[in-house]
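Please look over the sequence and the model before reading on. The paragraphs below go from the whole chain to single residues.

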Amino acid sequence: MRIDSFGITDVGRRRASNEDDFLVEPDFGLYAVADGMGGHAAGEVASRLAIESLETFFRKNGRPSGDPLLAAQRLKEAVATANRSIWEAIAGHDERRGMGTTLAAVLQIGKQWVVGHVGDSRVYLLRDGRLARLTSDHSWVNEQVRLGFLTDEAAQRHPMRNIVTRALGSREDVVVDIALEPLREGDVLLLCSDGLNTMVPDETIRDILSRHSIDPGSACRALVDEANRRGGEDNITVIVAAASPNGNGRS
Ligand code: MG
């Protein structure tokens with residue numbers, strides 16, 4: 001099994017700065033997107049800290065081996081460490097109050113995707129032409145959807161769609177949602193910040209990923225172009241990782 005991956009971040013068409021950040025580390029099978037918040041300087045600091053902390057954690061501890069449950073535990077520890085580094089960066093800095101970041105991260109371990117997330121950055125999986133969400137947003141609108149008060153479509157346009165209910169940096173400890181998904185040949189994984197999915201509906205994301213499924217770079221560019229074409233109201237970050245049968249045995 002061979003994994004081809006690519007990532008892009010784009011400021012979009014309305015914001016002056018880019019508070020998103022991302023990580024593509026094929027050698028570790030590690031992919032992550034962070035969307036900072038708390039005013040633009042603070043947001044940039046928080047997303048950068050989260051990504052750096054995640055990278056440092058896996059460089060120090062190495063890529064987890066075989067056991068998916070152990071890998072999930074490692075990913076939880078890595079995200080907890082990232083949370084702590086942001087929490088500590090806020091302490092004693094009044095201007096950083098409210099600073100935080102989302103984090104969506106995926107570890108590919110053998111034939112397993114290990115997904116961890118906090119906040120409203122998402123992980124999608126395209127398989128057999130169908131697009132599934134592997135994450136459930138920690139956001140006010142998603143809580144309303146789950147309670148039946150809002151439809152998914154209404155949530156996407158709702159004025160409070162940016163309110164996240166869980167983020168790194170807002171508490172000393174963080175609860176990380178973990179999902180395990182078996183990896184299959186032909187899988188196309190997408191990580192994104194909300195600047196993509198609030199602009200582009202899931203059906204269009206699915207169509208673009210299907211059209212570019214063997215070329216993650218062109219898939220990423222097409223997704224960002226589409227979000228900008230529809231207004232580009234927020235920073236847009238996308239990572240695409242595609243699993244193909246050819247290649248010799250790198251897993
Ligand atoms: Mg955003």
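A residue counts as buried when its relative accessible area is under 20%, as exposed when that area is over 50%, and as partly exposed in between. By this rule, 52% of the 251 residues of the protein chain are buried. The model is a predicted one.

The overall build comes next. The secondary structure of the protein chain consists of 7 helices and 11 strands. Along the principal axes, its C-alpha atoms fill a box of roughly 55 × 40 × 35 Å. A compact globule with 251 residues would have a radius of gyration near 18 Å, and the 17 Å of the protein chain agrees with this. Of the contacts between residues at least 6 apart in sequence, 71% join residues at least 24 apart.

On the outside, the protein chain has an accessible surface of about 11400 Å², with 48% of it belonging to carbon and sulfur atoms. The chain carries 30 positive and 37 negative charges, and the mean positions of the two sets are 3 Å apart.

Which residues supply the protein donors of the magnesium ion? They are Asp35, Asp194 and Asp234, each through OD, at 2.1 to 2.2 Å from the ion. Along the chain these donors follow the spacing D-x158-D-x39-D. The pair Asp35 and Asp234 links distant parts of the chain, 199 residues apart. Asp35 belongs to strand S3 (residues 30-37), while Asp234 sits in the loop between helix H7 (216-229) and strand S11 (236-244). Is Asp35 buried or exposed? Its relative accessible area is 9%, so Asp35 is buried. Asp234 counts as buried because its relative accessibility is 8%.

Ala72 shows a further case of residues brought together from separate parts of the sequence. Ala72 lies in helix H2 (residues 68-90), and with a relative accessible area of 8% Ala72 is buried. Leaving aside residues up to four places away in sequence, Ala72 touches Val114, Ile178 and Leu180. Between Ala72 and Ala179 there are 8.2 Å from C-alpha to C-alpha, although the two are 107 residues apart in sequence.

The last stop is Asn162, found in the loop between helix H4 (152-157) and strand S9 (177-182). Asn162 has 44% relative accessibility and therefore counts as partly exposed. Its C-alpha atom is separated by 8.4 Å from that of Val141, and the two residues are 21 apart along the chain.

Key. Residues are numbered from 1 along each chain as its sequence is written. This is a predicted model: local features need pLDDT of at least 70, side-chain atom pairs count only at pLDDT 80 or more; totals for chains, interfaces and linings use all residues. Side-chain values use heavy atoms; hydrogens and water are left out. Donors are N, O and S atoms within 2.8 Å of the metal (3.2 Å for Na, K and Ca); water is not among the atoms, so sites may look incomplete. Helices (H or I, at least four residues) and strands (E, at least two) are DSSP runs, numbered from the N terminus. Buried means under 20% relative accessible area, exposed over 50%, partly exposed in between (1.4 Å probe, protein chains only). The radius of gyration is taken over C-alpha atoms; the globule rule is 2.2 Å times the number of residues to the power 0.38. Contact means heavy atoms within 4.5 Å. Accessible areas come from the Shrake-Rupley method with a 1.4 Å probe; for residues, only the protein chains shown count as cover. Lys and Arg count as positive and Asp and Glu as negative; His and the chain ends are not counted. The place of a charge is taken as NZ of Lys, CZ of Arg, CG of Asp or CD of Glu.
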